[in-house]
Amino acid sequence: MDLDVGALKLGLLCLAALSAGFVDAIAGGGGLITLPALLTAGFPAHLALGTNKGQSVFGSGAALARFARAGLVDKRLARVAFPFGLLGAFGGAALVLLVRPEVLKPLVLVLLIAVAVFLAFRRTPPKRDGVEPSPRPRAQAIGALIALVIGTYDGFFGPGTGTFLIVAFSSLLGHGLARASADAKVVNFASNLASVALFALKGVVLWKVALPMAAAQFTGAWLGAHVAVKGGDKLVRVVVLGVVAALVVKLGHDVWGTWTAT
């Protein structure tokens, strides 16, 4: 399917992608910016979803590269998190054919509120952070499970994936939030690759829009990851809480609209 997109509209979409890449690299939630922007630009839902994944994979890749450069990516943990995230995303996409994703909205809303409480009261970051590897093999098993479960969620539904990953790696492996953001990007990149492959096979990625947005997303993500590296846990906590609040409002509105319509 093709769609006529003028220069002004494309420029605004690229600006949205730049902002989304910056926020997503720090705390996840970039789709809160780009997906509504694509829908507002007149994209049908399926084309908006496909094009959004087509550009966001570049942002997650850029953020991952910047975190790796800063030494925040544990390569041994990434070796299991990446393939399990990929596998989970493919499995989640298959589940869409069996269960309507809308049924998850109330549950995700509750989980996001729990995430906000967890972050608000977690004042002291762990002493172990940075390049020090996590204990083996327990950490690898936990990391693989996190990647599989949340990768499946991302392929199936998606909102809050990056935030859930950050909290999971932080709480279950004891990583600081900056390092957890790096861990999250490994799985994000894997699940985005799986999604792009599926959407591209279905022909629902409008590449003439996705690629310019990808360049902007790449730039924003690189800058966002750089800010996360320099700002550390305190900055990441503030941005994650902001993203969680936005997700709670968005999903709360959707759930309320569903209930009042029935």
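Let's start with residues 189-214: over that stretch the chain is 81% helix and 0% strand, and the C-alpha atoms at its two ends sit 14 Å apart. Helices here are DSSP runs of H or I with at least four residues, strands are E runs of at least two, and both are numbered from the N terminus. Where does the stretch come from? UniProt, in an unreviewed entry, lists residues 77-97, 103-121, 142-169, 189-214 and 235-253 as "transmembrane region". Those positions are in the numbering used here, and such annotations may be inferred rather than shown by experiment. Another of the listed spans, residues 142-169, is 86% helix and 0% strand, with its end C-alpha atoms 9 Å apart.

Quick housekeeping. This is a predicted model, where local features need pLDDT of at least 70 and side-chain atom pairs count only at pLDDT 80 or more, while totals for chains, interfaces and linings use all residues. Residues are numbered from 1 along each chain as its sequence is written, and side-chain values use heavy atoms, with hydrogens and water left out.

Okay, the overall picture. The protein has nine helices and zero strands, so to speak a plain run of α-α-α-α-α-α-α-α-α along the sequence. Of its 262 residues, 50% are buried. Buried means under 20% relative accessible area, exposed means over 50%, and partly exposed is in between, using a 1.4 Å probe and protein chains only. Now contacts, meaning heavy atoms within 4.5 Å: among those with a separation of 6 or more, 84% are between residues 24 or more positions apart.

Next, the aromatic rings. A pair of rings is described by the distance of the centres and the angle of the planes. Rings of Phe, Tyr and Trp (its six-membered ring) pair if their centres lie within 6.5 Å; planes under 30 degrees apart are stacked, over 60 edge-to-face, and the rest tilted. How many aromatic pairs does the structure hold? Two. Phe82 and Phe189 have ring centres 6.2 Å apart and planes at 45°, so that pair is tilted. Phe82 is in helix 4 (residues 75-95) and Phe189 in helix 8 (residues 177-201), so the pair ties together parts 107 residues apart in sequence. Phe82 is partly exposed at 26% relative accessibility, and Phe189 is partly exposed too, at 21%.

The other pair is Tyr153 with Phe164, edge-to-face, at 5.8 Å centre to centre and 75° between the planes. Tyr153 belongs to helix 6 (residues 138-156) and Phe164 to helix 7 (residues 161-173), eleven residues apart. Are these two buried or exposed? Tyr153 is buried at 13% relative accessible area, and Phe164 is buried at 12%.

Phe164 turns up again in the empty spaces. Rolling a probe the size of a water molecule over the atoms shows where empty space is left. On a 1 Å grid over the protein atoms alone, a cavity is a set of points where a 1.4 Å probe fits but cannot get out; a pocket is an open set with protein on both sides within 12 Å along at least five of seven lines, and lining residues have an atom within 4 Å of a point. Grid points are joined across faces, edges and corners, and a volume is the space filled by probe spheres set on the points. The second largest pocket holds about 320 Å³. It has 15 lining residues, and the closest to its centre are Leu111, Val149, Ile150, Phe164 and Ala168. Helix 5 (105-121), helix 6 and helix 7 each give at least two residues to that lining.

As for cavities, the largest has a volume of about 40 Å³. Its lining includes Val73, Asp74, Leu77 and Phe169, and helix 4 and helix 8 each supply at least two of the lining residues.

Last stop, a few single residues. Asn192 sits in helix 8 and is buried at 6% relative accessibility. Its side chain makes a polar contact (a pair of N or O atoms within 3.5 Å; within protein, one must be able to donate a hydrogen and the other to accept it, and residues adjacent in sequence count only if both atoms are side-chain atoms) with the side chain of Lys53, at 3.0 Å.

Gly220, in helix 9 (residues 207-261), is buried at 2% relative accessible area. Its C-alpha atom is 7.4 Å from that of Gly59, 161 residues away along the chain.
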